[in-house]
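Morning, everyone. I've got one structure to walk through today, so let's put it up on the screen.

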Amino acid sequence: MKQYSIFSVGDQAVSISFGNQIDPHLHRKIVAMKKLILRDAIPGLRDVVVAFCSLTVIYDAFLISEVEKFRSPFDVVCAMIENAYANADSGTSQPARKRIPVCYDEMFAPDLSEVANLKKMPAEEIIELHLGRDYRVYMIGFLPGFPYMGSLDDRLRISRKQTPSPRVEGGSVAIAGLQTGIYPFPSPGGWHVIGNTPLRMFDKTASPPCMLEEGDEVTFFRITAEEYRSLNSGS
Amino acid sequence: MGLQIIKQGVLNTVQDAGRFGFAGWGINPGGVMDTYASRVANALVGNTLDEAVLEIHFPAGEIVFKEPALASITGADFSPALNDQPIPLWRPVLIPKDGLLRFSKKAWGERCYLAVHGGFGTTRWLGSSSTNLKIGAGGNGGRVLKANDTIGMRNAFAIEAADGRPVLLPWSVKRRTIYENADEISFIEGPEWDWLKDESKEEIARTSFVIKSSSDRMGYHLSPGVLQFKVTEDLVSTAVTFGTLQAMPDGNILILMADHQTTGGYPRIGHVTSADLPKLSQRGANSSVTLKKISREQAEKMVISLGQQLRAIRESCKNNLANYHAKHRFEL
(Lines give C-alpha, C1' and ligand atoms only; values in the text may rest on other atoms or scores of the structure.)
Protein backbone atom coordinates (compact mmCIF):
# COMPACT_ATOMS: atom_id res chain seq x y z
CA MET A 1 0.00 0.00 0.00
CA LYS A 2 1.21 3.50 -0.81
CA GLN A 3 2.06 5.55 2.25
CA TYR A 4 1.34 8.82 0.53
CA SER A 5 -0.95 10.55 -1.92
CA ILE A 6 -0.06 12.97 -4.70
CA PHE A 7 -2.58 15.50 -5.91
CA SER A 8 -2.84 18.89 -7.59
CA VAL A 9 -3.33 22.01 -5.50
CA GLY A 10 -4.30 24.20 -8.41
CA ASP A 11 -3.24 23.86 -12.03
CA GLN A 12 0.34 24.90 -11.25
CA ALA A 13 1.12 23.09 -7.99
CA VAL A 14 1.33 19.48 -6.88
CA SER A 15 1.51 18.18 -3.31
CA ILE A 16 2.64 14.93 -1.86
CA SER A 17 1.02 14.28 1.48
CA PHE A 18 1.83 11.66 4.07
CA GLY A 19 -1.43 12.02 5.96
CA ASN A 20 -1.92 14.09 9.05
CA GLN A 21 0.99 12.76 11.08
CA ILE A 22 3.81 14.76 12.63
CA ASP A 23 6.89 12.58 12.69
CA PRO A 24 10.53 13.75 12.75
CA HIS A 25 11.77 10.81 10.63
CA LEU A 26 9.20 11.47 7.94
CA HIS A 27 9.98 15.18 8.04
CA ARG A 28 13.67 14.49 7.60
CA LYS A 29 12.78 12.56 4.47
CA ILE A 30 10.64 15.45 3.19
CA VAL A 31 13.50 17.93 3.71
CA ALA A 32 15.82 15.58 1.80
CA MET A 33 13.25 15.38 -1.02
CA LYS A 34 13.21 19.16 -1.29
CA LYS A 35 17.00 19.26 -1.61
CA LEU A 36 16.89 16.65 -4.33
CA ILE A 37 14.17 18.44 -6.30
CA LEU A 38 16.05 21.75 -6.09
CA ARG A 39 19.30 20.08 -7.10
CA ASP A 40 17.72 18.67 -10.25
CA ALA A 41 15.57 21.76 -10.87
CA ILE A 42 13.89 21.94 -14.27
CA PRO A 43 12.88 25.14 -16.12
CA GLY A 44 9.52 26.29 -14.77
CA LEU A 45 10.10 25.11 -11.19
CA ARG A 46 9.10 28.02 -8.98
CA ASP A 47 9.20 26.81 -5.40
CA VAL A 48 9.25 23.76 -3.18
CA VAL A 49 7.39 24.18 0.09
CA VAL A 50 7.93 21.84 3.02
CA ALA A 51 5.20 21.56 5.65
CA PHE A 52 4.67 19.16 8.56
CA CYS A 53 3.82 16.10 6.53
CA SER A 54 3.69 17.34 2.98
CA LEU A 55 5.78 18.83 0.24
CA THR A 56 4.39 21.09 -2.48
CA VAL A 57 6.01 21.88 -5.80
CA ILE A 58 4.89 25.13 -7.39
CA TYR A 59 5.62 25.50 -11.10
CA ASP A 60 4.94 27.40 -14.29
CA ALA A 61 2.89 25.01 -16.43
CA PHE A 62 3.56 26.90 -19.65
CA LEU A 63 7.35 26.80 -19.22
CA ILE A 64 7.25 23.08 -18.49
CA SER A 65 4.99 22.47 -21.49
CA GLU A 66 7.58 24.11 -23.72
CA VAL A 67 10.21 21.51 -22.91
CA GLU A 68 7.90 18.53 -22.40
CA LYS A 69 5.96 17.77 -25.52
CA PHE A 70 4.50 14.40 -24.57
CA ARG A 71 3.60 14.66 -20.92
CA SER A 72 1.38 17.17 -19.16
CA PRO A 73 3.10 19.50 -16.68
CA PHE A 74 1.14 17.76 -13.91
CA ASP A 75 2.53 14.36 -14.94
CA VAL A 76 6.03 15.78 -15.20
CA VAL A 77 5.88 17.19 -11.67
CA CYS A 78 4.26 14.04 -10.23
CA ALA A 79 7.11 11.98 -11.69
CA MET A 80 9.63 14.43 -10.25
CA ILE A 81 8.10 14.04 -6.80
CA GLU A 82 7.85 10.23 -7.04
CA ASN A 83 11.48 10.14 -8.08
CA ALA A 84 12.51 12.34 -5.16
CA TYR A 85 10.56 10.07 -2.82
CA ALA A 86 12.31 7.00 -4.18
CA ASN A 87 15.80 8.51 -4.03
CA ALA A 88 15.85 10.94 -1.12
CA ASP A 89 17.93 9.62 1.74
CA SER A 90 16.81 11.09 5.02
CA GLY A 91 20.14 10.14 6.60
CA THR A 92 22.19 12.49 4.43
CA SER A 93 21.21 15.80 5.94
CA GLN A 94 22.28 16.53 9.49
CA PRO A 95 20.02 19.13 11.07
CA ALA A 96 21.54 22.48 12.03
CA ARG A 97 21.39 23.03 15.80
CA LYS A 98 20.33 26.44 17.03
CA ARG A 99 20.19 27.75 20.61
CA ILE A 100 17.55 30.31 21.43
CA PRO A 101 17.55 32.34 24.65
CA VAL A 102 14.13 32.87 26.24
CA CYS A 103 13.11 35.02 29.15
CA TYR A 104 10.06 33.60 30.90
CA ASP A 105 9.62 36.50 33.34
CA GLU A 106 6.07 37.67 33.82
CA MET A 107 6.54 40.87 31.83
CA PHE A 108 7.54 38.77 28.80
CA ALA A 109 4.97 36.04 29.33
CA PRO A 110 1.47 37.51 29.33
CA ASP A 111 -0.28 34.13 29.10
CA LEU A 112 1.94 32.03 31.36
CA SER A 113 -0.21 32.28 34.47
CA GLU A 114 -3.33 31.51 32.45
CA VAL A 115 -1.65 28.44 30.96
CA ALA A 116 -0.55 27.39 34.45
CA ASN A 117 -4.14 27.72 35.66
CA LEU A 118 -5.56 25.77 32.74
CA LYS A 119 -2.98 23.02 33.12
CA LYS A 120 -3.22 23.06 36.93
CA MET A 121 0.55 23.27 37.23
CA PRO A 122 2.85 25.87 38.71
CA ALA A 123 4.22 28.28 36.10
CA GLU A 124 7.72 27.06 36.93
CA GLU A 125 6.78 23.54 35.85
CA ILE A 126 5.39 24.82 32.54
CA ILE A 127 8.73 26.53 31.93
CA GLU A 128 10.67 23.40 32.84
CA LEU A 129 8.61 21.28 30.49
CA HIS A 130 9.09 23.82 27.71
CA LEU A 131 12.86 23.84 28.28
CA GLY A 132 12.99 20.12 28.78
CA ARG A 133 13.52 18.97 25.23
CA ASP A 134 14.80 19.95 21.80
CA TYR A 135 12.38 20.85 19.06
CA ARG A 136 12.38 20.35 15.35
CA VAL A 137 11.39 23.18 13.00
CA TYR A 138 8.72 21.60 10.82
CA MET A 139 7.77 24.60 8.79
CA ILE A 140 8.15 28.37 8.46
CA GLY A 141 4.81 29.99 7.71
CA PHE A 142 1.98 32.25 8.84
CA LEU A 143 4.42 35.19 8.99
CA PRO A 144 7.85 35.51 7.39
CA GLY A 145 10.23 33.68 9.71
CA PHE A 146 7.58 32.21 12.03
CA PRO A 147 8.81 28.70 12.96
CA TYR A 148 6.35 25.91 13.70
CA MET A 149 8.24 23.65 16.09
CA GLY A 150 7.35 20.40 17.76
CA SER A 151 6.52 18.44 19.53
CA LEU A 152 5.76 19.68 23.01
CA ASP A 153 5.52 17.41 26.01
CA ASP A 154 1.97 16.10 26.00
CA ARG A 155 1.39 17.74 29.41
CA LEU A 156 1.67 21.14 27.69
CA ARG A 157 -0.96 20.41 25.04
CA ILE A 158 -3.35 23.33 24.94
CA SER A 159 -5.87 24.53 22.36
CA ARG A 160 -5.58 27.94 20.74
CA LYS A 161 -7.21 30.94 22.31
CA GLN A 162 -10.91 31.20 21.52
CA THR A 163 -10.39 34.81 20.53
CA PRO A 164 -6.94 35.70 19.22
CA SER A 165 -5.10 38.55 20.94
CA PRO A 166 -5.14 41.67 18.80
CA ARG A 167 -1.43 42.19 19.42
CA VAL A 168 1.32 39.75 20.27
CA GLU A 169 4.79 41.29 20.69
CA GLY A 170 7.63 40.45 18.34
CA GLY A 171 9.90 37.78 19.82
CA SER A 172 7.02 36.14 21.71
CA VAL A 173 7.56 32.45 22.35
CA ALA A 174 4.19 30.77 22.31
CA ILE A 175 2.49 27.39 22.46
CA ALA A 176 -0.62 25.84 20.89
CA GLY A 177 -1.59 22.21 20.38
CA LEU A 178 1.66 20.28 20.57
CA GLN A 179 3.55 23.07 18.86
CA THR A 180 5.70 25.95 19.92
CA GLY A 181 6.47 28.98 17.78
CA ILE A 182 8.04 32.43 17.83
CA TYR A 183 6.33 35.58 16.52
CA PRO A 184 8.92 37.42 14.43
CA PHE A 185 6.97 40.71 14.48
CA PRO A 186 4.11 42.20 16.46
CA SER A 187 0.95 40.60 15.07
CA PRO A 188 -2.49 39.39 16.08
CA GLY A 189 -2.13 35.84 17.36
CA GLY A 190 -4.03 32.94 18.87
CA TRP A 191 -1.18 31.10 20.59
CA HIS A 192 -0.40 31.37 24.31
CA VAL A 193 2.67 33.49 24.97
CA ILE A 194 4.90 32.04 27.71
CA GLY A 195 8.16 33.91 27.06
CA ASN A 196 10.12 36.12 24.72
CA THR A 197 13.45 35.92 22.91
CA PRO A 198 15.67 38.91 22.17
CA LEU A 199 16.84 37.23 18.96
CA ARG A 200 15.36 38.45 15.70
CA MET A 201 13.63 35.65 13.89
CA PHE A 202 13.43 37.67 10.69
CA ASP A 203 15.66 40.43 9.36
CA LYS A 204 15.10 41.53 5.79
CA THR A 205 18.64 42.91 5.55
CA ALA A 206 20.27 39.67 6.67
CA SER A 207 21.21 36.79 4.41
CA PRO A 208 19.44 34.53 4.95
CA PRO A 209 16.69 36.70 6.46
CA CYS A 210 15.37 33.89 8.68
CA MET A 211 17.08 32.76 11.86
CA LEU A 212 15.56 29.30 11.54
CA GLU A 213 14.85 26.96 8.67
CA GLU A 214 12.77 23.85 8.27
CA GLY A 215 14.66 20.84 9.57
CA ASP A 216 16.62 22.79 12.22
CA GLU A 217 16.86 21.47 15.77
CA VAL A 218 16.20 24.11 18.40
CA THR A 219 17.25 24.19 22.05
CA PHE A 220 15.74 26.88 24.27
CA PHE A 221 17.73 28.16 27.22
CA ARG A 222 16.58 30.43 29.95
CA ILE A 223 17.81 33.98 30.49
CA THR A 224 16.99 36.65 33.06
CA ALA A 225 15.34 39.96 32.24
CA GLU A 226 18.71 41.63 32.68
CA GLU A 227 20.39 39.28 30.23
CA TYR A 228 17.47 39.83 27.88
CA ARG A 229 18.06 43.57 27.94
CA SER A 230 21.78 43.29 27.34
CA LEU A 231 21.27 40.82 24.48
CA ASN A 232 18.57 43.02 23.03
CA SER A 233 20.67 46.17 23.07
CA GLY A 234 23.69 44.30 21.75
CA SER A 235 21.89 43.00 18.65
CA MET B 1 14.41 61.88 -13.75
CA GLY B 2 12.03 59.11 -14.61
CA LEU B 3 8.55 59.45 -13.23
CA GLN B 4 7.47 61.57 -10.34
CA ILE B 5 4.36 61.05 -8.28
CA ILE B 6 2.48 64.36 -8.07
CA LYS B 7 -0.48 63.08 -6.15
CA GLN B 8 -0.58 59.83 -4.19
CA GLY B 9 -3.06 57.16 -5.27
CA VAL B 10 -4.91 54.85 -2.92
CA LEU B 11 -2.60 51.88 -3.52
CA ASN B 12 0.08 52.20 -6.16
CA THR B 13 3.01 49.83 -5.95
CA VAL B 14 5.82 48.43 -8.05
CA GLN B 15 5.20 44.77 -8.87
CA ASP B 16 6.68 42.17 -11.14
CA ALA B 17 5.68 38.55 -11.74
CA GLY B 18 6.42 37.68 -8.10
CA ARG B 19 9.12 36.61 -5.70
CA PHE B 20 9.23 32.85 -6.08
CA GLY B 21 11.42 30.43 -4.22
CA PHE B 22 11.10 31.77 -0.67
CA ALA B 23 7.85 30.31 0.61
CA GLY B 24 10.07 28.14 2.80
CA TRP B 25 10.90 31.32 4.76
CA GLY B 26 7.26 32.33 4.94
CA ILE B 27 7.79 34.95 2.23
CA ASN B 28 4.89 35.00 -0.20
CA PRO B 29 5.38 35.55 -3.91
CA GLY B 30 3.26 38.72 -4.08
CA GLY B 31 3.58 40.27 -7.53
CA VAL B 32 0.91 41.64 -9.84
CA MET B 33 -2.67 40.50 -9.36
CA ASP B 34 -3.52 40.49 -13.08
CA THR B 35 -0.58 38.74 -14.74
CA TYR B 36 -2.22 38.94 -18.16
CA ALA B 37 -2.59 42.73 -18.15
CA SER B 38 0.91 43.31 -16.76
CA ARG B 39 2.46 40.99 -19.32
CA VAL B 40 0.64 42.61 -22.22
CA ALA B 41 1.69 46.04 -20.90
CA ASN B 42 5.30 44.89 -21.04
CA ALA B 43 4.92 43.25 -24.45
CA LEU B 44 3.44 46.43 -25.96
CA VAL B 45 6.56 48.45 -25.14
CA GLY B 46 9.01 45.73 -26.14
CA ASN B 47 9.91 44.48 -22.66
CA THR B 48 10.27 40.93 -21.45
CA LEU B 49 6.92 39.82 -20.07
CA ASP B 50 7.81 39.78 -16.39
CA GLU B 51 9.48 43.19 -16.15
CA ALA B 52 8.38 45.37 -13.21
CA VAL B 53 5.31 47.59 -13.76
CA LEU B 54 3.30 49.98 -11.63
CA GLU B 55 0.10 48.45 -10.29
CA ILE B 56 -2.41 51.24 -9.89
CA HIS B 57 -5.72 51.23 -7.99
CA PHE B 58 -8.44 53.89 -8.12
CA PRO B 59 -8.28 56.77 -7.13
CA ALA B 60 -5.01 56.58 -8.96
CA GLY B 61 -3.27 59.87 -8.20
CA GLU B 62 -1.21 61.80 -10.74
CA ILE B 63 2.12 61.00 -12.32
CA VAL B 64 4.43 63.23 -14.33
CA PHE B 65 7.03 61.94 -16.80
CA LYS B 66 10.21 63.92 -16.19
CA GLU B 67 11.62 62.52 -19.40
CA PRO B 68 10.10 61.11 -22.58
CA ALA B 69 8.94 57.53 -22.43
CA LEU B 70 7.42 54.76 -24.45
CA ALA B 71 4.65 53.59 -22.15
CA SER B 72 1.53 51.46 -22.09
CA ILE B 73 -1.45 51.11 -19.80
CA THR B 74 -3.48 47.90 -19.56
CA GLY B 75 -5.94 46.21 -17.24
CA ALA B 76 -8.58 48.32 -15.53
CA ASP B 77 -9.93 51.33 -17.40
CA PHE B 78 -9.54 54.36 -15.15
CA SER B 79 -9.98 56.75 -18.12
CA PRO B 80 -6.33 57.79 -18.40
CA ALA B 81 -5.42 61.10 -19.96
CA LEU B 82 -2.02 62.58 -20.81
CA ASN B 83 -1.95 66.37 -20.60
CA ASP B 84 -5.75 66.18 -20.63
CA GLN B 85 -5.87 64.20 -23.84
CA PRO B 86 -7.48 60.80 -23.31
CA ILE B 87 -5.19 57.91 -24.21
CA PRO B 88 -6.31 54.38 -25.03
CA LEU B 89 -5.45 51.31 -23.04
CA TRP B 90 -3.73 48.25 -24.53
CA ARG B 91 -1.73 50.42 -26.92
CA PRO B 92 1.81 51.83 -26.74
CA VAL B 93 2.09 55.60 -26.41
CA LEU B 94 5.05 57.91 -26.82
CA ILE B 95 4.91 60.29 -23.92
CA PRO B 96 6.60 63.70 -24.14
CA LYS B 97 8.78 65.17 -21.42
CA ASP B 98 6.71 66.64 -18.57
CA GLY B 99 3.64 64.71 -19.69
CA LEU B 100 1.10 64.61 -16.86
CA LEU B 101 -0.82 61.36 -16.49
CA ARG B 102 -4.19 61.51 -14.75
CA PHE B 103 -7.02 59.05 -14.31
CA SER B 104 -10.49 60.57 -14.11
CA LYS B 105 -13.03 57.78 -13.77
CA LYS B 106 -13.24 54.16 -12.84
CA ALA B 107 -14.94 52.75 -15.92
CA TRP B 108 -14.04 49.06 -15.64
CA GLY B 109 -11.89 46.78 -13.50
CA GLU B 110 -9.92 47.12 -10.29
CA ARG B 111 -6.25 47.60 -11.13
CA CYS B 112 -4.36 48.93 -14.10
CA TYR B 113 -0.75 48.51 -15.10
CA LEU B 114 1.73 51.06 -16.37
CA ALA B 115 4.79 49.77 -18.17
CA VAL B 116 7.64 51.76 -19.71
CA HIS B 117 10.08 50.61 -22.34
CA GLY B 118 13.21 49.33 -20.62
CA GLY B 119 11.50 48.99 -17.27
CA PHE B 120 11.71 50.96 -14.05
CA GLY B 121 14.71 51.44 -11.81
CA THR B 122 13.48 49.59 -8.73
CA THR B 123 14.71 48.12 -5.48
CA ARG B 124 15.15 44.41 -5.88
CA TRP B 125 14.92 42.12 -2.90
CA LEU B 126 15.46 38.37 -3.13
CA GLY B 127 15.53 38.59 -6.89
CA SER B 128 12.26 40.45 -7.39
CA SER B 129 11.03 44.04 -7.65
CA SER B 130 7.61 43.22 -6.20
CA THR B 131 6.68 45.37 -3.24
CA ASN B 132 6.13 43.41 -0.06
CA LEU B 133 4.38 45.97 2.14
CA LYS B 134 4.32 43.75 5.24
CA ILE B 135 8.05 43.21 5.25
CA GLY B 136 8.77 46.63 3.76
CA ALA B 137 11.01 45.36 1.01
CA GLY B 138 11.27 45.48 -2.77
CA GLY B 139 9.90 47.81 -5.44
CA ASN B 140 9.94 51.36 -4.17
CA GLY B 141 11.88 50.76 -0.95
CA GLY B 142 9.17 48.36 0.22
CA ARG B 143 6.35 50.88 0.32
CA VAL B 144 3.55 52.43 -1.74
CA LEU B 145 4.27 55.28 -4.12
CA LYS B 146 3.75 58.61 -2.37
CA ALA B 147 3.70 62.21 -3.55
CA ASN B 148 7.16 63.43 -4.60
CA ASP B 149 8.53 59.92 -4.97
CA THR B 150 10.51 59.51 -8.15
CA ILE B 151 10.97 56.25 -9.88
CA GLY B 152 13.69 55.94 -12.45
CA MET B 153 13.40 54.54 -15.94
CA ARG B 154 16.23 52.42 -17.20
CA ASN B 155 15.79 53.48 -20.79
CA ALA B 156 14.71 56.95 -21.78
CA PHE B 157 14.71 58.10 -25.37
CA ALA B 158 14.24 61.30 -27.34
CA ILE B 159 11.14 61.73 -29.43
CA GLU B 160 10.02 64.34 -31.86
CA ALA B 161 6.51 65.06 -30.63
CA ALA B 162 7.17 68.66 -29.75
CA ASP B 163 3.80 70.00 -28.86
CA GLY B 164 3.39 68.03 -25.65
CA ARG B 165 0.91 65.63 -27.15
CA PRO B 166 1.14 61.88 -26.76
CA VAL B 167 1.76 59.88 -29.92
CA LEU B 168 -0.12 56.64 -30.28
CA LEU B 169 1.90 53.90 -31.90
CA PRO B 170 0.14 51.87 -34.54
CA TRP B 171 -0.27 48.53 -32.76
CA SER B 172 -2.43 47.31 -29.94
CA VAL B 173 -3.71 44.13 -28.36
CA LYS B 174 -7.35 43.66 -29.13
CA ARG B 175 -7.89 40.03 -28.28
CA ARG B 176 -8.82 40.05 -24.62
CA THR B 177 -11.15 37.10 -24.47
CA ILE B 178 -9.88 36.19 -21.01
CA TYR B 179 -12.06 38.94 -19.52
CA GLU B 180 -15.24 37.73 -21.22
CA ASN B 181 -18.09 36.34 -19.09
CA ALA B 182 -16.68 38.53 -16.40
CA ASP B 183 -18.49 36.97 -13.46
CA GLU B 184 -17.86 33.34 -14.36
CA ILE B 185 -14.76 32.03 -12.65
CA SER B 186 -13.60 28.47 -13.29
CA PHE B 187 -11.95 26.35 -10.63
CA ILE B 188 -10.67 22.83 -10.15
CA GLU B 189 -11.26 20.53 -7.21
CA GLY B 190 -9.02 20.88 -4.21
CA PRO B 191 -7.82 18.07 -1.93
CA GLU B 192 -10.74 18.55 0.51
CA TRP B 193 -13.49 18.97 -2.11
CA ASP B 194 -15.05 15.66 -1.09
CA TRP B 195 -15.36 16.77 2.52
CA LEU B 196 -18.29 18.87 1.29
CA LYS B 197 -21.84 17.54 1.43
CA ASP B 198 -23.28 16.85 -2.00
CA GLU B 199 -25.96 19.51 -1.51
CA SER B 200 -23.21 21.97 -0.74
CA LYS B 201 -21.41 21.15 -4.00
CA GLU B 202 -24.62 21.79 -5.91
CA GLU B 203 -25.20 24.98 -3.96
CA ILE B 204 -21.77 26.26 -4.99
CA ALA B 205 -22.63 25.65 -8.65
CA ARG B 206 -25.85 27.65 -8.54
CA THR B 207 -24.94 30.45 -6.15
CA SER B 208 -24.11 33.93 -7.32
CA PHE B 209 -21.52 35.01 -4.78
CA VAL B 210 -20.71 38.59 -3.88
CA ILE B 211 -17.15 39.72 -3.24
CA LYS B 212 -17.21 41.36 0.19
CA SER B 213 -15.75 44.80 0.76
CA SER B 214 -13.13 43.36 3.12
CA SER B 215 -11.44 41.84 0.05
CA ASP B 216 -7.98 42.98 -0.98
CA ARG B 217 -4.70 41.79 -2.47
CA MET B 218 -4.48 39.14 0.27
CA GLY B 219 -7.81 37.51 -0.33
CA TYR B 220 -11.37 37.78 -1.62
CA HIS B 221 -14.09 36.96 0.88
CA LEU B 222 -17.23 35.59 -0.77
CA SER B 223 -20.73 35.74 0.56
CA PRO B 224 -23.09 33.99 1.26
CA GLY B 225 -21.62 31.11 3.19
CA VAL B 226 -23.01 27.92 1.68
CA LEU B 227 -20.45 25.34 2.72
CA GLN B 228 -21.52 22.34 4.75
CA PHE B 229 -19.22 19.46 5.48
CA LYS B 230 -19.73 15.75 5.88
CA VAL B 231 -16.11 15.40 7.03
CA THR B 232 -14.62 17.73 9.58
CA GLU B 233 -11.08 16.89 10.52
CA ASP B 234 -8.31 19.08 11.81
CA LEU B 235 -5.85 19.70 9.03
CA VAL B 236 -2.15 20.07 9.58
CA SER B 237 -0.98 23.30 7.93
CA THR B 238 0.32 22.98 4.42
CA ALA B 239 1.24 25.13 1.41
CA VAL B 240 -1.44 27.23 -0.28
CA THR B 241 -1.29 29.14 -3.56
CA PHE B 242 -2.71 32.18 -5.37
CA GLY B 243 -6.26 31.07 -6.17
CA THR B 244 -6.82 28.54 -3.38
CA LEU B 245 -10.49 28.40 -2.30
CA GLN B 246 -10.31 28.04 1.47
CA ALA B 247 -13.37 26.92 3.40
CA MET B 248 -13.65 29.11 6.47
CA PRO B 249 -15.20 27.78 9.70
CA ASP B 250 -18.32 29.94 9.24
CA GLY B 251 -19.12 28.30 5.88
CA ASN B 252 -17.74 31.11 3.76
CA ILE B 253 -15.21 30.86 0.97
CA LEU B 254 -11.98 32.86 1.06
CA ILE B 255 -10.08 32.99 -2.22
CA LEU B 256 -6.37 33.55 -1.62
CA MET B 257 -4.94 36.26 -3.85
CA ALA B 258 -1.42 37.50 -4.69
CA ASP B 259 -0.45 38.55 -1.14
CA HIS B 260 -1.71 35.33 0.50
CA GLN B 261 0.15 33.75 3.39
CA THR B 262 2.38 30.87 2.38
CA THR B 263 0.65 28.18 4.44
CA GLY B 264 -2.83 27.52 5.69
CA GLY B 265 -4.74 24.98 7.71
CA TYR B 266 -8.25 25.37 6.33
CA PRO B 267 -9.84 22.87 3.95
CA ARG B 268 -8.91 23.61 0.34
CA ILE B 269 -12.10 22.91 -1.53
CA GLY B 270 -10.71 24.13 -4.83
CA HIS B 271 -8.41 26.40 -6.75
CA VAL B 272 -9.30 29.09 -9.25
CA THR B 273 -7.75 28.18 -12.59
CA SER B 274 -4.63 30.22 -13.34
CA ALA B 275 -6.13 31.42 -16.61
CA ASP B 276 -9.10 32.95 -14.77
CA LEU B 277 -7.10 34.73 -12.05
CA PRO B 278 -6.61 37.86 -14.21
CA LYS B 279 -10.37 38.08 -14.70
CA LEU B 280 -11.03 37.57 -11.01
CA SER B 281 -8.39 40.18 -10.16
CA GLN B 282 -10.39 42.74 -12.11
CA ARG B 283 -13.55 41.99 -10.11
CA GLY B 284 -13.80 44.14 -7.03
CA ALA B 285 -15.82 44.57 -3.87
CA ASN B 286 -19.57 44.12 -4.28
CA SER B 287 -19.34 42.53 -7.69
CA SER B 288 -20.72 39.06 -8.25
CA VAL B 289 -18.96 35.86 -9.21
CA THR B 290 -20.15 32.37 -10.01
CA LEU B 291 -17.89 29.39 -9.60
CA LYS B 292 -17.77 26.79 -12.35
CA LYS B 293 -15.92 23.53 -11.80
CA ILE B 294 -13.78 22.21 -14.65
CA SER B 295 -11.23 19.42 -14.91
CA ARG B 296 -7.56 19.81 -14.13
CA GLU B 297 -6.77 18.83 -17.73
CA GLN B 298 -8.93 21.68 -19.04
CA ALA B 299 -7.37 24.16 -16.63
CA GLU B 300 -3.91 23.07 -17.68
CA LYS B 301 -4.79 23.51 -21.38
CA MET B 302 -6.10 27.00 -20.63
CA VAL B 303 -2.96 28.14 -18.83
CA ILE B 304 -0.67 26.70 -21.51
CA SER B 305 -2.66 28.31 -24.29
CA LEU B 306 -2.56 31.63 -22.43
CA GLY B 307 1.22 31.32 -22.19
CA GLN B 308 1.40 30.69 -25.94
CA GLN B 309 -0.86 33.66 -26.64
CA LEU B 310 1.32 35.94 -24.54
CA ARG B 311 4.45 34.65 -26.22
CA ALA B 312 2.90 35.44 -29.62
CA ILE B 313 1.80 38.90 -28.47
CA ARG B 314 5.31 39.64 -27.29
CA GLU B 315 6.87 38.51 -30.57
CA SER B 316 4.53 40.55 -32.71
CA CYS B 317 4.93 43.68 -30.56
CA LYS B 318 8.68 43.29 -30.70
CA ASN B 319 8.57 43.15 -34.49
CA ASN B 320 6.23 46.12 -34.66
CA LEU B 321 8.52 48.14 -32.45
CA ALA B 322 11.59 47.21 -34.52
CA ASN B 323 9.81 48.21 -37.73
CA TYR B 324 8.58 51.45 -36.25
CA HIS B 325 12.05 52.19 -35.00
CA ALA B 326 13.58 51.56 -38.40
CA LYS B 327 11.09 53.96 -39.97
CA HIS B 328 11.14 56.75 -37.40
CA ARG B 329 14.60 56.33 -35.95
CA PHE B 330 13.88 57.21 -32.41
CA GLU B 331 16.34 55.89 -29.97
CA LEU B 332 15.66 52.56 -28.35
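Let me begin where the two chains meet. Contact here means heavy atoms within 4.5 Å, and it takes 41 residues from chain A and 38 residues from chain B. Quick ground rules: this is a predicted model, where local features need pLDDT of at least 70 and side-chain atom pairs count only at pLDDT 80 or more, while totals for chains, interfaces and linings use all residues. Residues are numbered from 1 along each chain as its sequence is written, chains are lettered from A and ligands numbered from 1 in the order written, and side-chain values use heavy atoms, with hydrogens and water left out.

Back to the interface. The area buried between chain A and chain B is about 3300 Å², with carbon and sulfur atoms giving 59% of that; buried area is the accessible area, with a 1.4 Å probe, that two parts lose on being put together, summed over both.

How many salt bridges are there between chain A and chain B? Just one, taking a salt bridge as a side-chain nitrogen of Lys or Arg within 4 Å of a carboxyl oxygen of Asp or Glu. B:Arg311 pairs with A:Glu66, and their closest N and O atoms are 2.7 Å apart.

Polar contacts next: the rule finds 15 residue pairs across the interface, both residues at pLDDT 80 or more. That rule wants a pair of N or O atoms within 3.5 Å; within protein, one must be able to donate a hydrogen and the other to accept it, and residues adjacent in sequence count only if both atoms are side-chain atoms.

On the chain A side, the elements that each supply at least two residues include β1 (5-8), β3 (45-50) and α3 (73-87). α2(A) gives the most, with five residues. Helices (H or I, at least four residues) and strands (E, at least two) are DSSP runs, numbered from the N terminus.

Zooming out, a search of the whole structure finds 30 salt bridges over all chains. One of the salt bridges in chain B joins B:Glu189 and B:Lys293, closest N and O atoms 2.9 Å apart. B:Glu189 sits in strand β14 (residues 184-189) and B:Lys293 in strand β22 (residues 288-293), both of chain B, so the pair ties together parts that are 104 residues apart in sequence.

Now some backbone geometry. Most residues other than glycine have a negative phi, and most peptide bonds are trans. Here, the bond from A:Gly150 to A:Ser151 is cis, with omega near -10°, and A:Ser151 is in the loop between β7 (147-150) and β8 (165-168) of chain A. A cis peptide bond also joins B:Ser223 and B:Pro224, omega about 0°. B:Pro224 falls in the loop between β16 (219-223) and β17 (238-239) of chain B. Then there's B:Asn83, not a glycine, yet with a positive phi of about 50°; look for B:Asn83 in the loop between β6 (80-82) and β7 (85-86) of chain B.
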